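Visitor: Please pull up the model, and start with whatever looks odd in the backbone.

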Amino acid sequence: MEFVAGVVFSTQVSTKYLFIDFQCIYYHYYENRTGTGVNSIKWIQTLNTDSWTGITADRNMLNSIQSDSSIRPRSNVDQLVIGNWMDENFCASLGCYDTILADYLIGAVDGFSPYEQDVIVKKLRAHLNPAGKLYLISMNPIPDHASFPGDVVGEVRRARDSCILLAGHKPYREFPLHWTLRHLEAVGFKVVQHKSMTILHSEKSIIRQLNVGRSKLPYMAVPIRDGMTQYLNDLE
Ligand SMILES: C[S@@+](CC[C@H](N)C(=O)[O-])C[C@H]1O[C@@H](n2cnc3c(N)ncnc32)[C@H](O)[C@@H]1O
């Protein structure tokens, strides 16, 4: 029995998808392709699939997906479900799949089940059919230091994550390619290919991250809020 995994990593940071509400998708397949897109479900809908199941741990994410008129699960075929990988009852309700697409799942896990990333990799394997394929898309952590102008992205990330922490929330946590390869192989996946891609940061995507920081301001004590407001404005 052989399991295979394809891994796609971005070598540069892009924060553009970190806080966007999307799903991680499982799907039975005819076609074997992978893609990251802004909207995994929209992409899945372009494929010739027997059925697909989209999973999220977050009800607000589910609601926003369901209210998007371009998302059209086929009735009695496709499903959008809410559940957490660390919930054994939820896992027991899932079957096995020919293809699993874990599209920016791992970086988001700290927000929903901290410190369980390795356990989730193991669970992904458990829900894959023999000879099935896992496509895992992730991003390298943003480097702590970079030369100008790349350091702007690092500083915006620090400001954004500071706001998230000061609000008492948990930032996402990305893992590097070598972490992913090590953990895939540890649970028996054979990595057949991995590919790294550079993601460019636009002014728009950087400002979006500043706005994520701003969305956390109401949760802070007033003096901290004032200081962080000023700092976010200065960065912009
Ligand atoms: C950044 S989003 C996925 C991005 C998306 N696939 C795309 O098209 O860009 C991360 C997803 O992982 C899910 N997630 C994170 N931890 C989870 C867990 N422990 N159980 C289930 N879902 C989880 C979140 O609920 C969210 O739907």
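**Backbone and helix packing**

Guide: Tyr104 counts as partly exposed because it has 19 C-beta neighbours inside 10 Å (20 or more is buried, 12 or fewer exposed, partly exposed in between). This is a predicted model, where local features need pLDDT of at least 70, side-chain atom pairs count only at 80 or more, and totals for chains, interfaces and linings use all residues. Residues are numbered from 1 along each chain as its sequence is written.

Visitor: What's the sign of phi at Tyr104?

Guide: Positive, about 60°, although Tyr104 is not a glycine. Tyr104 sits in the loop between strand 5 and helix 4 (DSSP runs numbered from the N terminus: helices H or I, at least four residues; strands E, at least two).

Visitor: And Tyr115, which loop is that in?

Guide: Tyr115 also lies in the loop between strand 5 and helix 4. Its phi is positive too, near 70°.

Visitor: Is Tyr115 buried or exposed?

Guide: Tyr115 is exposed, with 9 other C-beta atoms within 10 Å.

Visitor: Where's the cis peptide bond?

Guide: It joins Phe148 and Pro149, with omega about 5°. Pro149 is in the loop between strand 6 and helix 5.

Visitor: New topic: how do helix 5 and helix 7 cross?

Guide: The axes of helix 5 (residues 151-166) and helix 7 (residues 203-214) come within 8 Å and cross at roughly 20°. That makes the two helices roughly parallel (an angle under 35 degrees).

Visitor: Which residues make the contact?

Guide: Helix 5 contributes Val152, Val153, Val156, Arg157, Ala159, Arg160 and Cys163. From helix 7 come Ile206, Gln209, Leu210, Val212 and Gly213 (contact: C-beta atoms, placed from the backbone, within 7 Å).

Methods
Axes are lines fitted to C-alpha atoms, for helices over the stretch in contact, and angles run from 0 to 180 degrees between N-to-C directions. Angles under 35 degrees count as roughly parallel, over 145 as roughly antiparallel, 65 to 115 as roughly perpendicular and the rest as oblique. Two residues are in contact if their C-beta atoms, placed from the backbone, lie within 7 Å.
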